[in-house]
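Hi everyone, thanks for coming. I'd like to walk you through one structure today, so please have a look at it with me.

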Amino acid sequence: MIVQDVVCYLFGRAGFDRAAQGILGAGRRLADSLGEKLRAAVLGPADDALTAGAQAVADTVVLAEDAPLEEYHPENFLTALATICNQLQPTAVLLGNDTYSQELAPRLAHRLGGSAASDAVEVVAEGGQLRVTRGVYGGKATAVIALCRSPGVVWVRARAMAPADPTGRPAGEVQRLKLGLKADERVKVVSRHVEAKEGVPLEEARLIVSGGRGLGGPEPFKELQALAKAMGAQMAASRAACDAGWVPPSWQVGQTGKKVAPELYMAIAISGASQHIMGIADAKVICAINRDPDAPIFKHCRFGLVEDYQKVVGPLRDKLSRHS
Ligand SMILES: Cc1cc2nc3c(=O)[nH]c(=O)nc-3n(C[C@H](O)[C@H](O)[C@H](O)COP(=O)(O)OP(=O)(O)OC[C@H]3O[C@@H](n4cnc5c(N)ncnc54)[C@H](O)[C@@H]3O)c2cc1C
């Protein structure tokens, strides 16, 4: 295997959040194990915190700020990333598990003639190939996949990856690239809906209160919100609750929703389907309230209470409110 570089893709506006730290941490370990350079490719107007954070970990931070990268656009970002990769000829390209990266990764692999893998919890180089560890069958089993063609384009569970320790490392060099990118006219943003957001993003939350179909409708979510407020927690939900229109789709946690890694995840009236568990596998402590003793969630939680949520949520909120 001819190893040139490991490239991590970062979205310019994101700040040096836990996801950026995780992607770069995975990239740094891979590059070090190969004795190679780590390049961070930042697309779009670069956030100062992100640039400085990336410099602390990567050997080079490549900033691509052409006008078509002002806002996320799949074709423009894909072309920009492919152009950078064609210049650098990397062996591995690591992306995060945000929706943009999930959209870009397989298309980028196709453009570069490489291999793609998704949802990686570990990426290592062994026997001249990249090996990616990922959950399969809804998280019930783990597979190790060998990527046969280079570059390996992998989106990783960014927040589950340990950040790199930058101590003693000289700051990476910053390279500003003008790609001469022409805006792609085939896809146009015709309207934009910005959802009102309160508090930290779900993926960054330390405490999460999450509700499922067993709540029976949108009203009980207000009770859960009061509990979350008393705890200083963020709200989340199962897909069933989101699909029913009880809460916004952005609350969804799971295989097709957000992957969260809080210190405490409270699953209330959620059965614990494997697709939901995939989104909470990195939670430190899961606490479940469900009236069915055979609910699968009880196999995954540290603390479980077999009870009707209505008997628990109100008193718990009152108790916590008294102590806050
Ligand atoms: C390809 C695919 C992707 C998917 N992606 C996701 C995903 O990203 N996220 C996700 O969540 N799901 C996902 N799903 C759906 C998933 O399979 C389940 O259908 C879903 O998670 C069920 O949601 P739930 O647990 O809220 O509902 P249910 O399975 O209906 O469970 C409700 C639970 O509430 C309990 N309950 C009822 N009343 C009470 C009460 N009064 N007090 C206490 N407990 C009570 C019940 O005992 C039950 O266990 C996906 C499915 C597929 C096929």
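Let's start with a place to find: in which loop does Pro-151 lie? Pro-151 is in the loop between strand 7 (141-147) and strand 8 (152-156). By helices and strands I mean DSSP runs, H or I of at least four residues for helices and E of at least two for strands, numbered from the N terminus.

Before going further, a word on the source: this is a predicted model, where local features need pLDDT of at least 70, side-chain atom pairs count only at pLDDT 80 or more, and totals for chains, interfaces and linings use all residues. Residues are numbered from 1 along each chain as its sequence is written, and side-chain values use heavy atoms, with hydrogens and water left out.

Back to our loop. The peptide bond that leads from Ser-150 into Pro-151 is cis, with omega near 0°. Most peptide bonds are trans, and most residues other than glycine have a negative phi.

That brings me to two residues with positive phi. Gln-89 has a phi near 50° and is not a glycine. You can find Gln-89 in the loop between helix 3 (74-88) and strand 4 (92-95). Asp-119, also not a glycine, has a positive phi of about 60°, and it lies in strand 5 (residues 115-126).

Are these two buried or exposed? Gln-89 counts as partly exposed because its relative accessibility is 47%, while Asp-119 counts as buried because its value is 5%. Here buried means under 20% relative accessible area, exposed over 50%, and partly exposed in between, using a 1.4 Å probe and protein chains only.

Now, on to the ligand. Which residues come nearest to it? Of the 24 residues around the ligand, those are Arg-213, Ser-238, Thr-256, Ser-271 and Asn-290; a residue is near if one of its heavy atoms lies within 4 Å. Helix 6 (239-243) and helix 7 (274-280) each give at least two residues to this shell. Sorted by class, the shell has six nonpolar, twelve polar and six charged residues. Nonpolar covers Ala, Val, Leu, Ile, Met, Phe, Trp, Tyr, Cys and Pro, charged covers Asp, Glu, Lys and Arg, and the others, Gly among them, are polar.

Finally, some polar contacts, which are pairs of N or O atoms within 3.5 Å. A polar side-chain atom of Ser-238 is 2.6 Å from a ligand oxygen atom. Arg-213 brings a polar backbone atom to 2.7 Å from an oxygen atom of the ligand, and for a polar backbone atom of Arg-239 the distance to a ligand oxygen atom is 2.9 Å.

Conventions:
Polar contact = N/O pair within 3.5 Å; in protein donor to acceptor, adjacent residues only side chain to side chain.
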